Amino acid sequence: MNDILLRVQDIKILFGPIKALDGVDFELRKGEIHGLVGENGSGKSTLTSIMAGILQHYEGTMEKSGLPYRPLNVVNAQELGVSMVVQEMGTVPELSVAENIFLGKERLFSKLGIVHKKKMIKSASEALENIGELTISPAIPVGMLSFEDRKIVELAKAMVDKPSVFILDETTTAISMRGRTLMYAVMEKLRQEEKGVVFITHDLEELMTVCTKLTVLRDGKIIGSLNKDEFSVELIRSMMVGREIKDNMYRVDYDATDTGEAVLSAENLCGAEVIENVNIELRKGEILGIGGLSDSGMHELGRLLFGLDKAISGRVRLADGTLINNPEVAVDNGIGYVSKNRDQEALMLRASIRDNIVASALKKKIPGHLISPKTENRLADDMVRELAIKCASHSQQVRFLSGGNKQKVVFSKWIGNDSKILILDCPTRGVDIGVKCAMYDLIVRLKADGCSIVLISEELQELLGMSDRILIIKDGRVEREYGRSASLSEHDLIESMI
Ligand SMILES: Nc1ncnc2c1ncn2[C@@H]1O[C@H](COP(=O)(O)OP(=O)(O)OP(=O)(O)O)[C@@H](O)[C@H]1O
Ligand SMILES: [Mg+2]
């Protein structure tokens with residue numbers, strides 16, 4: 001029994017009327033990489049936030065290495081050996097990398113109330129080196145870093161106190177292989193040192209590869225745990241949702257691509273980052289898949305097509321010649337965009353679900369033809385139902401939703417907008433498998449209605465399963481084009497990606 005690092009007993013927590021956790025028992029043992037899996041809103045982030053001292057208003061008890069454990073706050077939890085990289089942004093953009101890493105621990109570097117900056121920066125350098133990161137400069141403000149690098153800073157910060165319990169909440173989903181490799185290495189090292197890791201991801205393949213054990217949560221309750229030799233996608237899925245999910249989530253047809261007219265084209269498009277001389281056409285009613293390594297430029301291409309990034313040269317235009325050079329023009333012309341980075345670009349976190357969903361629809365109102373509140377409510381209710389957005393009501397503020405449920409709101413926003421062209425950048429990131437199915441169904445329906453869709457994705461199965469054509473981007477250029485075919489494999493795509 002003395003190999004239990006952290007024991008959680010009968011935890012209950014309420015958010016207003018919502019019972020986010022309802023009598024949860026959980027054990028983390030030495031040398032375990034323990035996966036936590038469940039549908040969006042099942043309580044994973046809530047449970048780990050309690051362990052990490054972020055939430056305090058719960059009932060129940062915890063023990064750490066046999067002693068009572070009830071952290072007062074995050075810094076206290078870290079002092080007691082528990083640290084976490086959170087699902088959302090966990091850094092302060094205005095502060096430097098070093099200040100973020102040692103947030104709440106400034107006294108380590110201060111004398112008579114004055115913080116010795118140089119010392120702090122040096123220690124931050126060491127903290128980054130410790131996790132194998134050598135490129136991020138500790139003196140610059142975190143706000144200047146990419147999403148991925150911020151996550152790496154959070155990882156370094158979490159490791160500073162040499163935790164015996166380390167929690168990683170869905171961090172790997174949003175980042176490239178470089179960041180993932182760092183994270184996997186840190187987890188593996190902790191495992192070898194007989195420490196414990198709690199790992200959250202919606203990617204079942206990743207979960208089964210990385211974890212030594214996993215526990216399934218549903219509606220705030222533990223459904224069960226599996227040891228590595230019991231892992232199977234089917235079993236995990238059915239434990240998660242409590243019902244069978246159809247085996248093939250993707251399109252079933254392999255009909256020849258109909259060559260509709262081009263609705264959007266990029267001509268000799270060059271971006272500020274990597275995109276160079278890209279020529280592509282999006283045709284009416286087609287799903288155009290775009291794949292590549294995460295730094296290939298495919299995400300930049302999405303931003304350029306929506307006018308969010310300015311083209312250095314070349315242009316993006318509609319069939320009627322309208323130039324798309326900023327997002328307002330794009331939206332006015334019926335283009336929608338689901339950003340990979342939902343919190344920064346896509347949502348008004350302090351507004352309600354309804355207001356987020358109807359905001360882009362409102363933009364399209366014709367003077368004198370206001371959308372009535374009744375229509376707004378209906379639109380919001382439809383989307384909440386269709387994508388099973390877990391909320392008290394559509395008036396709830398978006399910031400209180402679980403990560404995956406926020407992503408559903410982003411998606412709804414553009415679907416409800418009657419967009420004619422949709423640019424979807426990793427639209428199913430962080431959503432559970434049941435909702436993925438619902439999103440794919442919606443995408444197929446939109447296609448049938450004549451909507452044209454650019455689907456940028458890091459999931460090859462998703463590209464293969466959904467696209468009429470697939471373009472592989474490499475080093476900022478279109479490396480190769482594939483037509484839809486049942487015989488096309490992940491292997492084929494990977495070959496042209498690397
Ligand atoms: N601060 C809050 N205020 C109100 N409700 C909240 C708050 N935090 C979480 N909830 C609710 O608690 C439930 C569990 O949320 P949690 O974030 O733990 O889910 P999750 O399993 O991490 O989901 P995801 O996979 O989408 O990240 C959800 O219904 C969520 O809306
Ligand atoms: Mg979560």
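Domain bounds here come from an automatic or database domain assignment, and that assignment gives the protein a domain 1, residues 4-241, and a domain 2, residues 262-497. Taken over C-alpha atoms, the centres of domain 1 and domain 2 are separated by 30 Å.

Before I go on, a word on the source: this is a predicted model, in which local features need pLDDT of at least 70 and side-chain atom pairs count only at pLDDT 80 or more, while totals for chains, interfaces and linings use all residues. Residues are numbered from 1 along each chain as its sequence is written, and chains are lettered from A and ligands numbered from 1 in the order in which they are written.

Let me start where the domains meet. If we call two residues in contact when their C-beta atoms, placed from the backbone, lie within 7 Å, then 20 residues of domain 1 are in contact with 18 residues of domain 2. On the domain 1 side, the largest share, 3 residues, comes from helix α8, residues 233-241; helices (H or I, at least four residues) and strands (E, at least two) are DSSP runs, numbered from the N terminus. That side of domain 1 divides into 8 nonpolar, 8 polar and 4 charged residues, where Ala, Val, Leu, Ile, Met, Phe, Trp, Tyr, Cys and Pro count as nonpolar, Asp, Glu, Lys and Arg as charged, and the others, Gly among them, as polar.

Where, then, does ligand 1 lie with respect to domain 1 and domain 2? Ligand 1 lies between them, because both domain 1 and domain 2 give residues to the shell around it. There are 19 residues around the ligand, and Phe15, Asn40, Ser45, Ser402 and Gly404 come nearest, a residue being near a molecule or strand if its C-beta atom, placed from the backbone, lies within 6 Å of it. At least two residues of this shell are supplied by each of β2 (18-29), α1 (44-51) and α14 (403-415), and the shell divides into 5 nonpolar, 12 polar and 2 charged residues.

Turning to the sheets, I count two strands as paired if DSSP finds at least two bridges between them. As a reminder, strands of a sheet pair through backbone hydrogen bonds, either parallel or antiparallel.

One open sheet has 6 strands in the order β6-β9-β10-β3-β11-β12, with mixed pairing. Its edge strands, each pairing on one side only, are β6 (82-85) and β12 (221-227). Neighbouring strands of this sheet are turned by 20 degrees against each other on average, direction ignored; axes are lines fitted to C-alpha atoms, for helices over the stretch in contact, and angles run from 0 to 180 degrees between N-to-C directions. At the β6 edge, 4 bridges join β6 to the parallel strand β9, residues 165-169, and Val85 has Leu168 of β9 as its bridge partner. Helix α5, residues 147-159, packs on the sheet, where it touches β6 and β9, and its direction makes about 180 degrees with that of β6. Helix α1, which we have just met at the ligand, lies across β3 (33-37), β6, β9, β10 (196-200) and β11 (213-218), running at about 150 degrees to β9.

The other sheet I want to show is also open, with 6 strands in the order β17-β18-β19-β15-β20-β21 and mixed pairing. Here β17 (335-338) and β21 are the edge strands, each pairing on one side only, and neighbouring strands are turned by 15 degrees against each other on average, direction ignored. Strands β18 (421-425) and β19 (452-456) pair in the parallel sense over 5 bridges, with Ile421 standing opposite Ser452. Helix α14 packs on this sheet, touching β17 and β18, and its direction makes about 175 degrees with that of β17. Helix α9, residues 298-305, lies across β15, β18, β19 and β20, running at about 150 degrees to β19.

Further along this sheet, β15 (287-292) and β20 (469-474) pair in the parallel sense over 5 bridges, and Leu288 has Arg469 as its bridge partner in β20. By contrast, β20 and β21 (477-483) run antiparallel and are joined by 6 bridges, with Leu471 opposite Glu481. The hairpin of β20 and β21 has 2 residues between the strands, and Asp475 in this hairpin takes a positive phi near 45 degrees.

Finally, two other backbone details. Asn268, found in strand β13, residues 262-270, has a positive phi of about 45 degrees although it is not a glycine. Is Asn268 buried or exposed? Asn268 counts as exposed because it has 12 C-beta neighbours inside 10 Å; a residue is buried if 20 or more other C-beta atoms, placed from the backbone, lie within 10 Å of its own, exposed if 12 or fewer, and partly exposed in between. Ala388, in the loop between α13 (373-386) and α14, has a positive phi near 50 degrees, and with 16 other C-beta atoms within 10 Å Ala388 is partly exposed.
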